[in-house]
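I opened the notebook to look up the empty spaces in this fold and what lines them. Cavities and one pocket are on the list, plus one helix.

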Amino acid sequence: MGLQIQKETFEPEEYERFSQRLADSLEALRRILARPGFGVGPRTIGAELEMFLVDAAGYPLPVNRQVLGQTMDPRVTVEIDRFNLECNLRPGPLAGRPFTAMREEFESALAEVRRAAATQGARVAVMGILPTLREKDLGMGSMTALPRYRALSAAIRRRRREEPLRVVIGGEDTLTLEWDDVTLEGANTSLQYHLRVDPADFANMYNAAQLATPVVLAVSSNSPFLLGRRLWDETRVALFRQAVDDRGEPHSEAPQHGRVTFGHGWARQGALELFAESVALYPPLLPVLGPESPLECLSRGGLPRLDELRLHQGTVWSWNRAIYDPSDTGHVRIELRALPAGPTVVDMLANGALLLGLTLGLSSDMEALLPGLPFSCARGNFLRAAKEGLDAKLLWPERHAPSPRLVSAGELVERLLPVARAGLVDAGVASEEADELLSIVQARVRAECTGARWQRKMLARLEAHMPRQDALAALLERYMLLASSGRPVHEWPLD
């Protein structure tokens with residue numbers, strides 16, 4: 001259990017004490033990571049899945065706390081908006097049949113949420129952005145009534161000097177919006193994988209995840225609509241960056257960095273530099289102190305929880321994030337945050353197999369690959385993949401080549417499937433499990449049918465016969481019906 005936020009506003013001295021605690025925590029983390037054997041052990045994976053609650057007509061239903069009250073499952077928790085829930089799946093070993101175990105976790109957790117939701121007249125939709133979402137479904141009235149979320153919204157408003165958030169996203173249509181709170185964040189739901197890694201391997205693993213993420217995002221996109229507009233294939237990426245932007249208009253010459261970020265450069269040393277970067281670049285939003293002094297805990301030979309550092313890290317939304325976990329004997333892991341929720345459990349497992357496999361499979365090649373790809377090109381890949389999905393052209397480094405090559409996302413996925421397979425199998429994943437899931441990705445590429453593409457095509461067909469809002473509602477009904485079949489999205493019909 002992390003720190004509990006009990007109030008919405010804070011005094012200047014609270015920020016000062018919190019900043020000092022962050023400095024102490026970074027020194028403590030430096031010493032922890034230097035301990036022989038810290039965090040060394042078998043690799044494990046876990047996942048978090050966010051979802052929407054919808055009513056009989058497919059519109060958001062703000063009953064998450066009521067639904068939570070109907071289940072004792074510790075995996076289920078609320079999220080920022082009252083129509084969001086999250087399931088935190090139990091982690092397990094990477095070796096063996098991890099995706100079989102994770103499939104059972106996904107299916108049992110979703111079944112329990114659906115059961116509890118039904119008692120409140122709600123259904124569960126698993127997708128990146130709900131196509132039926134309307135402006136009136138958002139706003140402060142839609143925020144889950146917990147002090148943490150109110151405090152977060154208030155802190156961002158203060159940082160922006162009460163200036164409204166401005167959201168501008170262009171695609172087939174254009175969305176321009178001014179907003180006064182962070183409830184737009186709840187328009188996004190994601191699937192986040194966690195990979196535990198040894199501290200000595202962290203930099204290479206993290207860089208491999210950064211390199212692989214745009215490729216996997218292109219073939220996993222599932223969020224083409226927002227508030228009735230046709231936007232990016234993975235509109236979540238554009239929306240999230242703007243939905244919690246605390247910068248406002250610049251009031252000084254000092255550079256300001258958005259709190260939703262792909263990063264600022266390739267990792268060179270490991271997890272510590274990523275935590276230090278978060279502390280250096282981002283002012284605290286929620287300056288809540290715990291009772292433990294990390295340096296005093298270390299001096300007694302203990303393992304500090306570093307609650308303040310973990311809280312601060314949770315208010316910097318890197319698409320791939322470093323995590324310190326003090327449980328048991330402690331470890332570090334990478335939280336892979338870019339993938340959308342949905343369409344089906346098997347699709348989500350296939351996306352995870354590709355991303356985890358490439359992270360593992362590319363990590364040993366980082367010294368040869370990274371000189372050929374400036375970090376700004378990797379960031380550009382991420383944005384192009386989010387905007388264009390399988391149509392994206394991505395820059396890819398060749399071993400020891402002076403410059404990257406421009407490759408279509410689909411071609412690059414096919415080319416990298418053997419790398420992902422080798423990464424999984426070398427890590428102990430059963431070869432038949434790796435082959436089964438990666439073959440789904442390959443079939444999706446060859447059918448040229450991601451979740452986003454299926455949604456776009458279905459909307460075009462439906463909109464020929466009915467108004468846009470009715471077509472989006474009809475699309476959602478077809479999506480939920482087909483998702484319940486368990487068939488991967490590339491097999492879904494369009495009739």
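The model is predicted, and I keep that in mind throughout.

**Entry 1: second largest cavity.** I looked up the lining by class and found five nonpolar, one polar and five charged residues. The space in this second largest cavity comes to about 50 Å³. Next I listed the residues around the second largest cavity. From the earlier part of the chain come Ser-153, Ile-156, Arg-157 and Arg-160, among others. The lining also includes Glu-163, Pro-164 and Leu-165. Trp-179, Asp-180, Asp-181 and Val-182 belong to the lining too. Which element gives the most to this lining? It is helix H4, residues 147-159, with three residues.

**Entry 2: largest cavity.** I searched the whole structure for cavities of 30 Å³ or more and got two. The largest cavity has a volume of about 120 Å³. It is lined by 17 residues. Closest to its centre are Tyr-206, Leu-274, Glu-277, Ser-318 and Asn-320. I then checked which elements give two or more residues to this lining. They are helix H5 (202-220), helix H7 (271-281) and strand E12 (320-325). By class, the lining of the largest cavity splits into six nonpolar, nine polar and two charged residues.

**Entry 3: second largest pocket.** I turned from cavities to an open site. The second largest pocket holds about 380 Å³ of space. I counted 21 lining residues for it. Nearest the pocket centre lie Arg-114, Met-480, Ala-483, Ser-484 and Ser-485. Helix H3 (98-118), strand E4 (123-125), H10 and helix H16 (468-485) each give two or more residues to the lining. Which element gives the most here? H16 does, with seven residues. The classes in this pocket lining are 12 nonpolar, four polar and five charged.

**Entry 4: helix H10.** H10 came up in the pocket lining, and I looked at this helix on its own. Is H10 mostly covered or mostly uncovered? Mostly covered: 19 of its 19 residues are buried. Buried here means under 20% relative accessible area. I also checked its length. H10 has 19 residues, 345-363, and at 1.5 Å a residue it should span 27 Å. The expected span takes 1.5 Å times one less than the number of residues. The end C-alpha atoms of H10 are 27 Å apart, so the expected span and the model agree.

Definitions and conventions
Residues are numbered from 1 along each chain as its sequence is written. This is a predicted model: local features need pLDDT of at least 70, side-chain atom pairs count only at pLDDT 80 or more; totals for chains, interfaces and linings use all residues. Side-chain values use heavy atoms; hydrogens and water are left out. Helices (H or I, at least four residues) and strands (E, at least two) are DSSP runs, numbered from the N terminus. Buried means under 20% relative accessible area, exposed over 50%, partly exposed in between (1.4 Å probe, protein chains only). On a 1 Å grid over the protein atoms alone, a cavity is a set of points where a 1.4 Å probe fits but cannot get out, and a pocket is an open set with protein on both sides within 12 Å along at least five of seven lines; lining residues have an atom within 4 Å of a point. Grid points are joined across faces, edges and corners, and a volume is the space filled by probe spheres set on the points. Ala, Val, Leu, Ile, Met, Phe, Trp, Tyr, Cys and Pro count as nonpolar, Asp, Glu, Lys and Arg as charged, and the others, Gly among them, as polar.
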